[in-house]
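Please open the structure in your viewer and keep the selection tool at hand. The tour below goes from one selection to the next and says what is found at each stop.

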Amino acid sequence: MIFLHFALKQAVWVVLSEDGVDFYKKKTDSSPKGMIPLKGATLSSPCQDFVKRTLVFKITTEKKQDHFFQASHVEERELWVKDIKRAITCLAGGKKFARKSTRRSIRLPETVNLAALYTEMKNQDDGVKELKLEQQNRVFNHCFTGATVVDWLISKEKARNRPEALMLATGLMNEGFLQPAGDLSKEGAESGEQAAFLDDTKALYYFADSGFFCEGYSSDEDVLLKEEFRGNIIKQGCLVKQGHRRKNWKVRKFILRDDPAYIHYYDPAKADDPLGSIHLRGAVVTAVDYVPDAKKKDIDGNLFEIITADETHYFLQAATDQERREWIKAVQMVSKSGK
């Protein structure tokens, strides 16, 4: 997984092993750039050392060395934090860390297809309804309660009773299909070795690939998000982007939305305000091998270009060829279907 490492000031490929966190310059590298030992380490998340930087977590080694990482989105950070904490706990107890099978740990039948169940649950006509809910001086958009999920599973005969429905919902959350939104649901998710879904009207959750966002109360109507931010999130992650003025290449976090069709890019080491946006309606995206005005030392393959309807050119670089294909496919779909 790609993270931004603050000490190196660059994006790195991170791998969690039994006793440490290895980080590589690129996914295809055969040997790591460095390794952070987890025995005796502590993890802080969210990290309070950087008030204006979001999605940051800190690993402090037994020798009191601090390592700061920043994820590209909340779900990514929370999944990694959970696994790293478990690895640290296992090392402290003299056990071998390994990700547990969701099915075995909650006794989920092998015949259950969680991906298919998630697709049914997201059906706009007959699935779980996404709502705007208010709680603790915050407004949660595109979310629903844990009790709503359990009710839906029973009403659609996916489960015979609430304990069975709760088991399915826990499986969906453990596999990343459902995410905790509020404080109560997040506490439940961190309550044990395996995430616990809450059958509660006050526990809030959201679909992993939805347009979920949270905002505080405000009497200022101008605080409402712009229309371009209201689309469902189709894809997000880090890419390297060529600047328009200086033609230099920098790591940016990208979030692709479908309706309206926009891709926003951010500085992953700073606040959540975007540096810019690209309107994708009618845009053309293609893989390229050459970028005008680019020096050879600045680029290393996996390039693609977005040309907007007003003929503005954007050059981007993915970490691998597979990621480049995935981004091109996602942008092509949004450019044809979005507003």
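The expected span of a helix is 1.5 Å times one less than its number of residues. With that in mind, select helix α7, residues 321-337, in this predicted model: its 17 residues reach 25 Å from the first C-alpha to the last, close to the 24 Å expected at 1.5 Å a residue. Now colour the buried residues of α7, which are E323, R324, W327, I328, A330, V331, V334 and S335. As a general point for reading such a list, an α-helix has 3.6 residues a turn, so residues three or four places apart point the same way.

Keep α7 on screen and add K235, which lies in strand β13, residues 233-242. Which residues does K235 touch, leaving aside those up to four places away in sequence? They are F254, I255, L256, E326, W327 and A330, and W327 and A330 are also among the buried residues of α7. With E326 there is a polar contact as well, from the side chain of K235 to the side chain of E326, at 3.5 Å.

Before the next stop, zoom out to the whole protein chain, where there are seven helices and 19 strands. Of the 339 residues in the chain, buried residues make up 48%. Among the contacts with a separation of 6 or more, 51% are accounted for by residues 24 or more positions apart.

Next, select helix α3 (residues 114-121) together with helix α4 (residues 146-155), and look at how the two are placed. Their axes come within 12 Å and cross at roughly 105°, which means that α3 is roughly perpendicular to α4. To see the contact itself, show the side chains of L117, E120 and M121 on α3, and those of V149, W152 and L153 on α4. By class, the residues of this contact divide into five nonpolar, no polar and one charged.

Stay with α4 and extend the selection to its buried residues, G146, A147, V149, V150, W152 and L153. Against which elements do the buried residues of α4 pack? Besides α3, they pack against β9 (138-145), α5, β10 (178-180) and β11 (204-207).

Follow the chain onward from α4 to E157, whose phi is positive, near 60°, and which is a residue other than glycine. E157 sits in the loop between α4 and α5, and because its relative accessibility is 72%, E157 counts as exposed.

From that loop, move on to helix α5, residues 162-174, whose 13 residues reach 18 Å from the first C-alpha to the last, close to the 18 Å expected at 1.5 Å a residue. At the N-terminal end, select N161, which caps α5 with a side-chain oxygen that lies 2.9 Å from the backbone nitrogen of E164. The buried residues of α5 are A165, L168, A169, T170, G171, L172, M173 and N174. After the helix comes G176, with a positive phi near 90°.

The next selection is the pair D259 and P260, which are joined by a cis peptide bond with omega of about 10°. P260 is found in the loop between β14 (249-258) and β15 (261-266).

Now go to N302, in the loop between β17 (284-288) and β18 (303-307). Although N302 is not a glycine, its phi is positive, at about 55°. Is N302 buried or exposed? With buried set at under 20% relative accessible area, N302 counts as buried because its relative accessibility is 18%.

For the last stop, select D310, in the loop between β18 and β19 (313-317), where it counts as exposed because its relative accessibility is 59%. The side chain of D310 takes part in polar contacts with two side chains that you can display alongside it: that of T308, at 2.2 Å, and that of T312, at 3.0 Å. Finally, draw a C-alpha to C-alpha distance from D310 to H279, which are 31 residues apart in sequence and 9.6 Å apart in space.

Technical notes. Residues are numbered from 1 along each chain as its sequence is written. This is a predicted model: local features need pLDDT of at least 70, side-chain atom pairs count only at pLDDT 80 or more; totals for chains, interfaces and linings use all residues. Side-chain values use heavy atoms; hydrogens and water are left out. Helices (H or I, at least four residues) and strands (E, at least two) are DSSP runs, numbered from the N terminus. Buried means under 20% relative accessible area, exposed over 50%, partly exposed in between (1.4 Å probe, protein chains only). A polar contact is a pair of N or O atoms within 3.5 Å; within protein, one must be able to donate a hydrogen and the other to accept it, and residues adjacent in sequence count only if both atoms are side-chain atoms. Axes are lines fitted to C-alpha atoms, for helices over the stretch in contact, and angles run from 0 to 180 degrees between N-to-C directions. Angles under 35 degrees count as roughly parallel, over 145 as roughly antiparallel, 65 to 115 as roughly perpendicular and the rest as oblique. Contact means heavy atoms within 4.5 Å. Ala, Val, Leu, Ile, Met, Phe, Trp, Tyr, Cys and Pro count as nonpolar, Asp, Glu, Lys and Arg as charged, and the others, Gly among them, as polar.
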